[in-house]
Number of protein chains: 2
Amino acid sequence: MGRAPTKKRHPRDAADQMADECLAVRVRLLNRTLSAVYDEALRPLGVTVGQLNVLVVVAKRGPLSPGDVAKRLHMEKSTVSRNLERMRGHGWVTLSPSRSGRGQVLVIHAKGRKLLERALPLWEKAQEDAEALLGQRGAQSLRRTADSVWSRGGRG
Amino acid sequence: MGRAPTKKRHPRDAADQMADECLAVRVRLLNRTLSAVYDEALRPLGVTVGQLNVLVVVAKRGPLSPGDVAKRLHMEKSTVSRNLERMRGHGWVTLSPSRSGRGQVLVIHAKGRKLLERALPLWEKAQEDAEALLGQRGAQSLRRTADSVWSRGGRG
DNA sequence: GCCTTTAGGTTGTATATACAACCACATGGG
DNA sequence: CCCATGTGGTTGTATATACAACCTAAAGGC
């Protein structure tokens, strides 16, 4: 057994290949890193960047259903359901049964709008930090890429 | 200067600005989307892409401590601790007290190497799908950006 | 008008993640 | 030697996420 057995000739080890190329490990790293930047900035307001993003959708798209939020953000309906549960607890949004047909409607509340206003400067700071971290090009490309995935999946 | 009406009022709503520019909502979207692609592909093996990524680090970097894994992947030590707990349960790695000094050492097991081998083709399929989703340029830029963040943070 | 189908939401379970508090022990000072 | 300190890991708690199972009520078929 002095020498490397024939099997030894993997052009590259599975581990090497995944480490060098895997897109998942990279997007997950960026997710952790950037989410931490925003969450830290927003902490004084007691809101997370994920919740803020949902709030933005509700604010912009007027009365809409939880299912619509899920579609727009490509999230599981159960995830949205539980996020909204917390947000309703804070009084940022209300959920009421739809008058017309089935389903329910979300509406942003005064408290929610207030939060958006107060969050803006903190968000801007985080956004700057994030941009510095990614670099102009990285940031721009991230936006372009995400927006393309978005429209394919039907951001509408 | 020309004319665009004096935007005396909110130049743009807070919600509009965040929706149009926020990097966090975008990286989070990509994370959900890509992780789903890989997790679905890997499901037959009962491993998640996050676990696979940790396993790759252990495989490549030989015996190393949980803390080293955390540093390398920019994860919380507690997160790593619990991920490893599950992976140890599957027998993919072992954790033993370090002979020299303090701390512990992780080693990949035969089962773990086997898993890497079996995962490779499934991972390749997922990687192709992911690349198709992002586009060549998006994928390349994601790799470049993540790798730069990585080295700054000290991937070494 | 009933009954079946199905869409929209919630609940159960599990992983991933992070912050804070804690614990255990190796190390270093005296 | 023994104690003080600091590092590495685990545990407690909370959010984010997803899949599967379930529930309820609207829609449709007949």
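A residue counts as buried when its relative accessible area is under 20%, as exposed when that area is over 50%, and as partly exposed in between. The structure discussed here is a predicted model. A:M75 has a relative accessible area of 14%, so A:M75 is buried.

**The loop after α4 of chain A**

A:M75 sits in the loop that joins α4 and α5 of chain A. With its neighbours within four places in sequence left aside, A:M75 is in contact with A:A70, A:V80 and A:N83, and also with B:R32 of the other chain. One of these partners, A:A70, belongs to the buried residues of helix α4 (residues 66–73) of chain A, which are A:V69, A:A70 and A:L73. Viewed down the axis of α4(A), these buried residues fall within an arc of 100°, and therefore they line one face of the helix. Just after α4(A) comes A:H74, with a positive phi of about 55°.

**Relation of the two protein chains**

Chain A is superposed on chain B by a rotation of 180° with 0.0 Å of shift along the axis, at an RMSD of 0.1 Å. The two copies are therefore related as by a two-fold rotation axis. Both copies use the same surface, since 97% of the contact residues of chain A recur in chain B.

B:S35 is a residue of helix α2 of chain B. Its relative accessibility is 8%, so B:S35 counts as buried. Not counting residues up to four places away in sequence, B:S35 touches B:L30 and B:V49 in its own chain and A:R28 in the other.

**DNA strand C**

Around DNA strand C there are 24 residues, and A:K77, A:S81, A:R82, B:T48 and B:S78 are the closest. Of the atoms of DNA strand C that come within 4 Å of the protein, 63% belong to sugar and phosphate. The residues of this surface divide into two nonpolar, 12 polar and 10 charged. At least two residues each are supplied by α2 (23–42), α4 and α5 of chain A and by α5 of chain B. The largest share, five residues, comes from α5(B).

Three side chains of chain A can be listed by their distance to a phosphate oxygen of DNA strand C.

| Side chain | Partner | Distance |
|---|---|---|
| A:R28 | phosphate oxygen of DNA strand C | 3.0 Å |
| A:R32 | phosphate oxygen of DNA strand C | 3.1 Å |
| A:S81 | phosphate oxygen of DNA strand C | 2.7 Å |

A:R28 thus appears in two settings: an N or O atom of its side chain is 3.0 Å from a phosphate oxygen of DNA strand C, and the residue is also touched by B:S35.

**DNA strand D**

DNA strand D has 25 residues around it, of which A:T48, A:S78, B:K77, B:S81 and B:R82 come nearest. Sugar or phosphate holds 62% of the atoms of DNA strand D within 4 Å of the protein, and the rest belong to bases. This surface consists of three nonpolar, 12 polar and 10 charged residues.

Which polar side-chain atom lies 2.8 Å from a base nitrogen of DNA strand D? The atom belongs to B:R82. Phosphate oxygens of DNA strand D have other partners: a polar side-chain atom of B:R28 lies 3.0 Å from one, and a backbone N or O atom of B:G67 lies 3.1 Å from one. The elements that give two or more residues to this surface are α5 (77–89) of chain A together with α2 (23–42), α4 (66–73) and α5 (77–89) of chain B. Here α5(A) provides the largest share, five residues.

**A:T48**

A:T48, one of the residues that come nearest to DNA strand D, lies in the loop between α2 and α3 (49–60) of chain A. Its relative accessibility is 33%, so A:T48 counts as partly exposed. Leaving aside neighbours within four places in sequence, A:T48 is in contact with A:D39 and A:L42. A:T48 and A:A36 are 12 residues apart in sequence, and their C-alpha atoms are 9.5 Å apart in space.

Conventions: Residues numbered from 1 in each chain as written. Chains lettered and ligands numbered in written order. Predicted model: local features only at pLDDT ≥ 70, side-chain atom pairs only at ≥ 80, totals over all residues. Heavy atoms only, no water. Near = heavy atom within 4 Å. Polar contact = N/O pair within 3.5 Å; in protein donor to acceptor, adjacent residues only side chain to side chain. Helix = DSSP H or I, 4+ residues; strand = E, 2+ residues; numbered from the N terminus. Nonpolar A, V, L, I, M, F, W, Y, C, P; charged D, E, K, R; others polar. Least-squares fit on C-alpha atoms with pLDDT ≥ 70 in both. Contact = heavy atoms within 4.5 Å. Buried < 20%, exposed > 50% of the residue type's maximum accessible area, 1.4 Å probe, protein only. Arc of directions from axis to C-beta.
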